[in-house]
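Got the model open in front of you? Let's take a slow walk through it, one piece at a time.

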Amino acid sequence: MEPVIELRKVSKRFGGRTVLRELDLCVPPRSVFGFLGNNGAGKSTTIRLITGLLQADGGQVLVGGRDLRSHRIEILREIGCIVEAPALYPNLTAPEFLRIGCAIKRLPRREIGRVLELVKLADAGKTRIAHFSLGMKQRLALAHALLGQPRLLVLDEPTNGLDPHGILDMRTLLRALPEAGDCTVFVSSHQLDEVEKMATHVALLRDGVLASQGRVDALTALQAGVLDMEIGDAGHAAAVLAAHDYEVRLLGQRRLEVYRVERTQLDVVHAALVHAGVRLFQSTYRQPTLEQWFLRATAGATPETPCS
Amino acid sequence: MFLILLRLELFKLRRSLPLLLMLACPFLVVALGTGVLLKSGNAAFARPGFWAGYWQTHLALWSYFMLPLYIALVTALLNGNEHRNGAWRLLLTLPVTPRQLFLAKAALAWGCVIGANLALGVLASGAAFLVAALRPVPAGMFAFALAPALAKVALTCLPVVLIQHALSWRYANFVLPLAVGIGATMGIVQLGSSEYWVFFPWSYSLMAGNGSAQETRQLALVLAAGVALVLLGWTTWRAGKGQVAV
């Protein structure tokens, strides 16, 4: 299937500083795509390029298979976005604010009620935005982005300022969008646990270069995990595993942890112990989290993963 | 799309400062003009040319001082509304072109100036009735052609509106546009009464409304129209090329 967003060798410089270097990125349709990277990695610049706020110095930005330079208006009609902090007018009320997007996208007024319901702001009524909490502002910005049921939602840190209920609502809503219709969600975030719970795909940007990209489960599965074992003789087991070049830590006479074990090697580890006559009571494999993957990858430890 | 944007820009003025200033600035001019007048002795009111002087005083106070400041202020506020709230990011990710947006905002800024001119006319007229009620004044309160004079002022300030709007659009910090507005107001005092006024767009409104000769008033109109046309083309083209501070 044709990617919803495709960046081909995109470069961007600000003055003498190169922010993005020949960035290739492809976002599959109907996915929730988490876009990760440290501060200054180039996430916001990428989002600005995708939403047409900036123009690339080199390369091509394609949205829905169309070049953003030549089809900007057409593409923006199908995009909803929040770029950085919510941009709102404090002197207006929520329905008044939504009239702006409604009028420009030529949508019927009933759309305002629909999106306010979706983000649970229907009762905000006549309160001016100046009196909104940060979470309410975030939800209103999302409501604006959802106007007209866009085919692509580009959201920069959408859970910022939300309380746990708000985060849960946002996660549920964003996860449901690709399932409910022809919508792809592109989310940049620092909250890795949120991305892990929400995203189907992730990409990692490191110093303006794509470090890794793929399905969340596939990427984390590539990383070695920790095997926590309860056994008859931990000292003997440690010696056996050390002989097989595994990193081991004793946690007691009957308990140890084996580090950097890939899922595919689990049978090898267990077989080695059984053959050495070690009695095995319990074995638990802990899959690395997205956070662990992120920390390793941003430290430069992860090899590049092809776009899938 | 331009009309939709213009309507939205107008809509965004709800409960905002530019709307309040549209009344406050003319009010200050009328309060100052009428206040100073009411302090004079009765002999000043009995003069046959009293009413012509009354209207010209208000027009001069407006064109000399308040109008250039008001234009700088209103354009800075209209664009500042986007800079301050980061709303360029919102507007420029909607299906509109920067040029359409620039033009809609320019039209709204000019609309505000026209509104302020109207407010000046209404408030000065109200104050004239007050003066007539308090002092022995001669007849012919409305013999002076106020409406055409105000219309000329509103037309000839268009180049200044475009200059101030382009500056406020480009720079997020309102200090530069305001400094230009204040500096230019000072400049009117020097250049407005010299032969070089033709090179200084801030003088056009003063000359169109208060110029002593008919030719001067007409020249101000022609110059303003020409300069406005050139500025409109250039600033709109620039708005599409350059990058707003988003």
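**Starting with the strands**

Strand β1 (residues 5–14) of chain A is joined to β2(A) by 7 bridges, and the two run antiparallel. To find one of those links, look at A:Lys12, whose bridge partner in β2(A) is A:Leu20. Keep in mind as you go that what you're looking at is a predicted model.

Zoom out a little and this pair turns out to belong to an open sheet of 4 strands in chain A, ordered β2-β1-β4-β5 with antiparallel pairing. Its edges are β2 (17–27) and β5 (66–67) of chain A, each of which pairs on one side only.

Now hop along chain A to strand β6 (residues 79–82). Is it buried or exposed? Both of its faces are covered: A:Ile79 and A:Cys81 are buried on one side, and A:Gly80 and A:Ile82 are buried on the other. That two-sided pattern makes sense because in a regular strand the side chains alternate between the two faces of the sheet. This time the partner strand is parallel: 4 bridges tie β6(A) to β7 (residues 152–156) of chain A. Within β7(A), A:Leu155 is the bridge partner of A:Ile82.

Next, the nonpolar interior. The largest nonpolar core counts 152 residues, and those with the most contacts inside it are A:Leu140, A:Phe186, A:Val187 and B:Val161. What does A:Leu140 touch, neighbours within four places in sequence aside? Its contacts are A:Pro86, A:Leu88, A:Ala94, A:Phe97, A:Leu121, A:Ile129 and A:Phe132. Another core, of 12 residues, lies apart from the largest one and includes A:Ala234, A:Leu256, A:Val261 and A:Val278.

Over in chain B, try helix α7 (residues 146–156). Its buried residues are B:Leu146, B:Ala149, B:Leu150, B:Lys152, B:Val153, B:Ala154 and B:Thr156. Among the elements of chain B that cover them are α4 (50–85), α6 (98–134), α8 (158–170), α10 (204–210) and α11 (214–241).

So where do the chains meet? The contact takes 22 residues from chain A and 19 from chain B. On chain B's side, α1 (2–11), α4 and α5 (88–91) each give two or more residues, with α1(B) providing the largest share, 3 residues. By class, that side has 10 nonpolar, 5 polar and 4 charged residues.

Finally, a word on confidence. The predictor gives the complex an ipTM of 0.79 and a pTM of 0.80. Chain B averages a pLDDT of 87, and 98% of its residues score at least 70. Within chain B, confidence is highest in α8(B), at 94, and lowest in helix α3 (residues 42–46), at a mean of 73.

How values were computed:
Residues are numbered from 1 along each chain as its sequence is written. Chains are lettered from A and ligands numbered from 1 in the order in which they are written. This is a predicted model: local features need pLDDT of at least 70, side-chain atom pairs count only at pLDDT 80 or more; totals for chains, interfaces and linings use all residues. A nonpolar core is a set of buried Ala, Val, Leu, Ile, Met, Phe, Trp, Tyr and Cys residues joined through C-beta atoms within 7 Å. A residue is buried if 20 or more other C-beta atoms lie within 10 Å of its own, exposed if 12 or fewer, and partly exposed in between; C-beta atoms are placed from the backbone. Two residues are in contact if their C-beta atoms, placed from the backbone, lie within 7 Å. Two strands pair if DSSP finds at least two bridges between them. Ala, Val, Leu, Ile, Met, Phe, Trp, Tyr, Cys and Pro count as nonpolar, Asp, Glu, Lys and Arg as charged, and the others, Gly among them, as polar. pLDDT is the predictor's confidence in each residue, from 0 to 100.
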